[in-house]
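Thanks for making time for this; I would like to walk you through a structure that is new to most of us. Please have a look at the sequence and the model first, and then we can go through them together.

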Amino acid sequence: MCGIVAVHGLTNPSAERAHLVALSKRVRHRGPDWSGCYVGKEAILCHERLAIVGIDSGAQPLFSDDRKIILAVNGEIYNHLALRSSFGSDVKFNTRSDCEVIIPLYKKYDKDLCDMLDGMFSFVLLDESVTPTRIIAARDPIGITTLYQGWNSKKPGATYFASELKALINDCDEIISFPPGHVYDSRDNSTTRYFQPSWWSTDDENAPAPTSPVDYTLLRETLEAAVRKRLMSEVPYGVLLSGGLDSSLIATIAARETDKLAQAHFEARQKKLSEWSPSGPPTPKDNLNQKAMLATWPQLHSFSIGLENSPDLFAARKAAVFLGTKHHEFVFTVQEGLDAIPDVIHHLETYDVTTVRASTPMYLLSRKIKAMGVKMVLSGEGSDEILGGYLYFHAAPDSKSFHQECVRRVKNLHTADCLRANKSTMAWGLEARVPFLDKKFLEVAMNVDAKEKMFSKGSSQEFDSDGRPKMEKYILRKAFDCAPDGKPYLPKSILWRQKEQFSDGVGYSWIDGMKDHAATVVSDEAFAKRAERWAVDTPDTKEAYWIREIFEGHFPSDTAARTAVR
């Protein structure tokens, strides 16, 4: 991922270059590897790069051969090689960037290109081959990446875009979080939905519930493919591992795929030794040296964080031993978490209590990971929304209600877990990839009959024919309960472990510590007048008051507060 800042509709762009570069510096933490800026006839595009694919040639903005189409992208396009090959020899690519393929796609398909992309992305594309110049901007289907759009009433006709709110807050008096799955077109000033999967509906209450029976093999293979494509990287990568079901499944698939990469590397080097050695094939000693190399490259690294003796640390340690990852665990104190919260809120750009709670450990962990030289991690966000994994789902009165709640939660991921995963990691220039939100996996999992996803609790809990509890995310657990190669994906104790909320799993005293601190810094008198201070989204607890107050200190305008309303 990267950081972008762009504006279109300026009368004198050259005069505003220095100012736009200054705005772009506000998101440089997202892309510390290189900065680029293009000044056009009516627009400026700035880009802050985090180099992961095409590291030696993919600096942005990217240009068409005639330099009339200019592109700035935040994200990764996983199917870029297939898209490139679809053009044959008709198109010459100038870089190895996965994002460059957007330019020829635009030339051929116009803005319909968006639905052809398989990845996480926000982009701004400027077309100076037409008059007036045209700009299109788009965000990935679920909103894994962040994008904001803004306007300045003193500059009619100008439209601003940025990866983070902080780049626009002093220049725009109207700002929105750009809607996921949409594309903006300056030609008619329209914003339209391009992502329209079979399970999506604009009328959720009257939308028909899916009736497809679960295909466990398809569910498993689609998730495996989702992880596989997300290992596209030219830099060191790892996995976030809490020891819960979601992160452990992603980690075990990644470990298997990394082993395959290591074996392929080993075999390729053997072949080269055979070709280069005048004495023929490698000797046993050569093979021994190669196996030593195989043991150290590539090896999957896993990372976890928690308070001392927290459930996540224990569970992650157990999972890492089983998976054979190079595991790193970090312990933080409640005070260290409290000290970080002002910075966390500055990066999150929200005052949502649950998001701040869960983001703080992730923010601290991301700093440690980046310090070790890792630029990309896989994470397990999205599974609970797709499969109804939150424990309150057991109260759903029927399968239709269960499905409707799943759809609602998936649609709102960009305001919660996606925002957390993106901003708490990118605060340190660390990219988080989320395989559960793969388009193909969503299409499979969201079309499963919700009766298959429903579960019961306590004394009323049901069991399947093999004696397995019909607990939350049962179909996902069962899909990975038996591997085709006979090698278990996970120990039963992890595969059938009940869910912990992330901020609970890192240590139950973390939330209590936040509440206790808020009680000491927010007086009863101030709390009693909270509605006078914030008439909209009035805090209902002292913890929420404290977080809102910190947010207001960073972003004092009502314009900023409106972007944070969920």
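**Surface, fold and a few loops**

Let me start at the outside: the protein chain has an accessible surface of about 23500 Å², and 52% of that belongs to carbon and sulfur atoms, where accessible areas come from the Shrake-Rupley method with a 1.4 Å probe, and for residues only the protein chains shown count as cover. This is a predicted model, in which local features need pLDDT of at least 70 and side-chain atom pairs count only at pLDDT 80 or more, while totals for chains, interfaces and linings use all residues. Residues are numbered from 1 along each chain as its sequence is written, and side-chain values use heavy atoms, with hydrogens and water left out.

Turning inward, 58% of the 566 residues in the protein chain are buried, a term that means under 20% relative accessible area, with exposed over 50% and partly exposed in between (1.4 Å probe, protein chains only).

The protein chain has 21 helices and 17 strands, these being DSSP runs numbered from the N terminus, with at least four residues of H or I for a helix and at least two of E for a strand. Its radius of gyration is 24 Å, close to the 24 Å that the globule rule gives for 566 residues, so the protein chain is as compact as a globular protein of that length; the radius is taken over C-alpha atoms, and the rule is 2.2 Å times the number of residues to the power 0.38.

Now to one sheet: how are its 6 strands ordered? The order is 4-5-6-7-11-12, in an open sheet with antiparallel pairing, where two strands pair if DSSP finds at least two bridges between them. At the edges are strand 4 (62-63) and strand 12 (190-193), each of which pairs on one side only. Strand 4 pairs with strand 5 (residues 69-77) over 2 bridges, and Phe63 has Ile70 in strand 5 as its bridge partner.

Two cis peptide bonds deserve a look. One runs from Gln60 to Pro61, with omega near 5°, and Pro61 sits in the loop between strand 3 (43-49) and strand 4. The other runs from Thr131 to Pro132, with omega near -5°, and Pro132 belongs to the loop between strand 6 (119-127) and strand 7 (134-139).

Finally, Asn309, in the loop between strand 14 (301-306) and helix 7 (311-323), has a positive phi near 65° although the residue is not glycine, and Asn309 is exposed, at 72% relative accessible area.
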